[in-house]
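Please look over the sequence and the fold shown below before reading on. This report then takes up the parts of the structure one after another.

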Amino acid sequence: MNDPALMIEVNDAAGTDRLGRCLGAALRRGDVVALVGPLGVGKTTLVRSMAAGAGVPDPRAVNSPTFVIVNEYLGQVAGEKLRIYHADSYRLRDGRDLEALGFDEMCALGAVLIEWADRVEEILPPDRLTVRIEPVGQTARRFHLQAGGAAERLLKPLDAAATEP
């Protein structure tokens, strides 16, 4: 795969928060962000920060949709309202389950952030940002970001955000 990629390491939760807020501020309707990583690595934490960056008024309301499968939040980016769909594919059998929940409509109406995206990869659009999160210490994380097609614009502001103190 020759899609643009970026690797960012952060030392702590504050670094993850900066990265997520920067990503969230760049979200637009139609964006799909696929989150992959082991249990407890911080996928929901990153989504919470992305929601804050996307103008969700109370990011504390962002929680794992493991049992409800999809949560919806309303943010505002660049003066435009943005629906954010936060999906958790852990309990889904495959991509058909996500399709049955209205995945195509979610993509048309807002930005879709999918935890455990590797479980539904077969239905994900090629124009997406895939974020693989790897623990490299108790609080340190390595983020492997790969953008396909139009999602490449999401990578542009990230390098600077990850290196800020």
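## A cavity inside the model

Ala 34, Val 36, Ala 117, Asp 118, Glu 121, Leu 124, Arg 128, Thr 130 and Arg 132 line the largest cavity of what is a predicted model. Two elements, strand 2 (32–36) and strand 6 (129–135), give two or more residues each to this lining. The space in the largest cavity is about 40 Å³, and the count of cavities of 30 Å³ or more comes to 1.

## The sheet

How are the strands of the sheet ordered? There are 7 strands, and they form an open sheet in the order 1-7-6-2-5-4-3, with mixed pairing. Strand 1 (5–10) and strand 3 (70–77) each have a single partner strand, so they stand at the edges and one side of each is left without a neighbour in the sheet. From one strand to the next, the twist averages 20 degrees. As a general point, the strands of a sheet pair through backbone hydrogen bonds, and they do so either parallel or antiparallel.

At one edge, strand 3 pairs with strand 4 (residues 80–88) in the antiparallel sense, over 8 bridges, and within this pair Tyr 73 stands opposite Ile 84 of strand 4. Strand 1, which stands at an edge as well, pairs with strand 7 in the antiparallel sense over 6 bridges, and here Leu 6 has Leu 145 of strand 7 as its bridge partner.

## Strand 7 and its neighbours

Strand 7 (141–147) is also joined to strand 6, by 7 bridges between strands that run antiparallel, and one of the bridge partners in strand 7 is Ala 147, which is matched with Leu 129. The connection between strand 6 and strand 7 is a hairpin that passes through 5 residues.

Which residues of strand 7 belong to its covered face, and which to its uncovered one? The covered face consists of Arg 141, Phe 143, Leu 145 and Ala 147, whereas Arg 142, His 144 and Gln 146 make up the uncovered face.

## The nonpolar cores

In soluble globular proteins, nonpolar side chains tend to be buried together. The largest nonpolar core in this model has 34 residues, and those that touch the most other members are Leu 27, Val 33, Leu 129, Val 131, Phe 143, Leu 145 and Leu 158. A second core, separate from the largest, has 17 residues, among them Val 32, Tyr 85, Leu 98 and Phe 103.

Val 131 offers a closer view of such contacts: leaving aside residues up to four places away in sequence, Val 131 touches Val 33, Ala 34, Leu 35, Val 36, Leu 46, Phe 143, His 144 and Leu 145.

## Helix 2 and Ser 49

Helix 2 (residues 43–53) is mostly covered, as 8 of its 11 residues are buried, namely Lys 43, Thr 44, Leu 46, Val 47, Ser 49, Met 50, Ala 51 and Ala 52. The elements that cover these buried residues include helix 1 (13–26), strand 2, strand 4, strand 5 (110–115), strand 6 and strand 7. Just after helix 2, Gly 55 takes a positive phi of about 85 degrees.

Why does Ser 49, a residue of helix 2, count as buried? The relative accessible area of Ser 49 is 6%, and a residue is called buried when this value is under 20%, so Ser 49 falls within the buried class. Not counting residues up to four places away in sequence, Ser 49 touches Thr 16, Asp 17, Gly 20 and Arg 21.

Definitions and conventions:
Residues numbered from 1 in each chain as written. Predicted model: local features only at pLDDT ≥ 70, side-chain atom pairs only at ≥ 80, totals over all residues. Heavy atoms only, no water. Core = buried A, V, L, I, M, F, W, Y, C linked by side-chain atoms within 4.5 Å. Buried < 20%, exposed > 50% of the residue type's maximum accessible area, 1.4 Å probe, protein only. Contact = heavy atoms within 4.5 Å. Pairing = 2+ DSSP bridges. Helix = DSSP H or I, 4+ residues; strand = E, 2+ residues; numbered from the N terminus. Axes fitted to C-alpha atoms, helices over the stretch in contact; angles between N-to-C directions. 1 Å grid on protein atoms, 1.4 Å probe; cavity = no way out; pocket = protein on both sides within 12 Å on 5 of 7 lines; lining within 4 Å. Points joined across faces, edges and corners; volume = space filled by probe spheres on them.
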